[in-house]
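Walk through the model below, from the ligand site outward to the domains.

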Amino acid sequence: MACLADDGNRVVGVDVSISKVNLINAGSPSIVEKDVDGLIKKGWEAGNIEATDNYKTALRDADVSIICVGTPNNKSGHLDLTRIHAVAQDIGEALAESDRFHVVLIRSTVVPGTNEKVGTTIEERSGKKRRVDFEVVSNPEFLREGTAVQDFYNPPVTVIGTSSNRAFEIAKSVYRKVDAPVRKTSIAVAETIKLVNNSFHALKVTFANEVGSICKQLGIDSHEVMDLFCQDRKLNLSACYLKPGFAYGGSCLPKDLRALRLIAHDNYVDTPVINAIEPSNKYQKQRLVDMITETGIKKIGILGFSFKPGTDDLRESPIVEIAEILLGKGYDLKVHDKNVHLSNLIGRNKQYVNEKIPHLEKIITDDLDEVINNCDLIIVANKEEQYADLPSRYPGKDIIDLVRIEGGFETSRGRYQGFCW
Ligand SMILES: NC(=O)c1ccc[n+]([C@@H]2O[C@H](COP(=O)([O-])OP(=O)(O)OC[C@H]3O[C@@H](n4cnc5c(N)ncnc54)[C@H](O)[C@@H]3O)[C@@H](O)[C@H]2O)c1
């Protein structure tokens with residue numbers, strides 16, 4: 001309220017708490033927060049700020065309403081959205097008496113599906129039509145208490161979840177003084193992002209704490225370790241590794257994660273987050289086996305066999321494990337990988353293949369057409385260029401895509417399944 005008023009908007013706060021309403025109407029903040037007191041006073045003196053417990057008064061001349069009521073956990077841990085729905089009813093009743101197009105921004109943290117329900121409630125209570133008379137936009141808040149004003153003006157991004165261009169432009173104009181890129185997204189994405197952000201932040205805290213606990217036990221300076229960790233902005237603090245897809249594998253990640261987990265274990269340090277990584281990765285592989293089984297198809301082609309494109313390294317390649325499982329279940333398998341030539345494999349790589357898939361030479365080929373023509377279900381396991389337009393080249397084929405091949409999603413025609421999208 002303080003920042004929006006300072007940006008030149010007239011803001012009317014509505015709250016069920018009369019003491020908060022009274023504070024604002026006396027030009028005082030209702031929270032302790034750096035810089036907010038000065039901004040509230042300034043806005044109040046300029047006549048841009050007032051508060052009420054009456055929705056109808058507040059919405060009489062409003063173009064936009066911002067829902068920012070609390071959404072705490074209920075007893076089971078789900079978000080309690082009763083306040084959101086109570087506000088939706090009140091907004092609906094207030095809009096019944098208005099002829100202006102109105103945009104409702106859901107700023108509170110909610111769960112996917114909330115926007116739809118809020119829209120329906122407002123339609124029912126107001127007798128107005130969504131899209132025609134009003135629109136509901138999902139617009140999550142990213143500020144943090146303690147630095148709220150600073151964060152308000154410098155969020156990482158302004159997310160506006162809507163399919164309506166008209167509502168998007170109005171929502172965008174609310175944040176015209178905010179220094180941040182604006183991202184128009186689907187409603188569902190906007191409703192999901194805040195939960196994902198905060199869960200990741202919690203993961204970061206616990207990961208760093210577990211590293212700290214291990215280091216302390218070993219007499220190593222954990223702050224120096226994590227400072228160095230944070231200096232790596234190529235792999236550690238970057239978009240790297242953050243694309244939903246198949247399980248990790250290869251000769252390094254599984255091995256070194258296991259080593260760190262066991263150092264913790266051997267030194268009596270509990271590290272539940274680090275311990276949970278391997279089971280989570282294993283579960284991802286089971287998911288693929290389940291997806292394949294559910295298709296009922298028995299002739300399977302695997303495109304890409306090494307643990308990542310551009311290498312012939314098969315060690316701990318997660319797709320090798322899947323092949324092993326499928327062969328064990330009697331599936332008819334063909335594998336394509338232009339980088340894997342059995343005659344060239346040496347050392348531990350060769351040993352790994354011999355142990356896991358001793359008859360690999362019978363099923364692997366570098367002839368892509370042979371695999372595709374002889375199989376009814378194609379698993380794309382590496383992001384090689386030659387797999388990019390498979391769905392459009394073979395529209396009748398069932399495809400499970402583990403790597404989100406270019407264009408696959410768009411040309412699916414129902415026979416394409418993204419692995420986790
Ligand atoms: N606090 C933060 O830093 C922060 C940051 C990002 C997102 N969020 C999200 O924003 C939402 C609000 O968080 P908060 O910390 O400001 O909550 P809060 O509980 O401090 O404030 C919510 C206000 O809503 C009022 N209220 C409740 N029911 C009402 C109704 N029917 N009509 C009018 N007013 C009503 C309450 O009296 C209270 O003053 C939550 O979903 C939270 O997850 C908060």
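How do the residues of the shell around the ligand divide into nonpolar, polar and charged? The shell divides into seven nonpolar, five polar and six charged residues. In this scheme Ala, Val, Leu, Ile, Met, Phe, Trp, Tyr, Cys and Pro count as nonpolar, Asp, Glu, Lys and Arg as charged, and the others, Gly among them, as polar. The model is predicted: local features need pLDDT of at least 70, side-chain atom pairs count only at pLDDT 80 or more, and totals for chains, interfaces and linings use all residues. Residues are numbered from 1 along each chain as its sequence is written, and side-chain values use heavy atoms, with hydrogens and water left out.

Of the 18 residues around the ligand (a heavy atom within 4 Å of it), those that come nearest are Asp15, Lys20, Thr71, Thr109 and Glu145. The side chain of lysine 20 has an N or O atom 2.7 Å from a ligand oxygen. For threonine 71, the distance from a side-chain N or O atom to an oxygen atom of the ligand is 2.6 Å. Glutamate 145 places a polar side-chain atom 2.8 Å from a nitrogen atom of the ligand. On its own the ligand has 830 Å² of accessible area, of which the protein covers 69% (Shrake-Rupley method, 1.4 Å probe).

Next, the strands. Strand β1 spans residues 11-14 (strands are DSSP E runs of at least two residues, numbered from the N terminus). Strand β2, residues 49-52, runs parallel to β1 and is joined to it by four bridges; two strands pair if DSSP finds at least two bridges between them. Glycine 13 stands opposite alanine 51 in β2.

At chain level, the domain assignment gives domain 1 (2-195) and domain 2 (280-418), with bounds from an automatic or database assignment. Their centres, taken over C-alpha atoms, are 48 Å apart.

Technical notes: A polar contact is a pair of N or O atoms within 3.5 Å; within protein, one must be able to donate a hydrogen and the other to accept it, and residues adjacent in sequence count only if both atoms are side-chain atoms. Buried means under 20% relative accessible area, exposed over 50%, partly exposed in between (1.4 Å probe, protein chains only).
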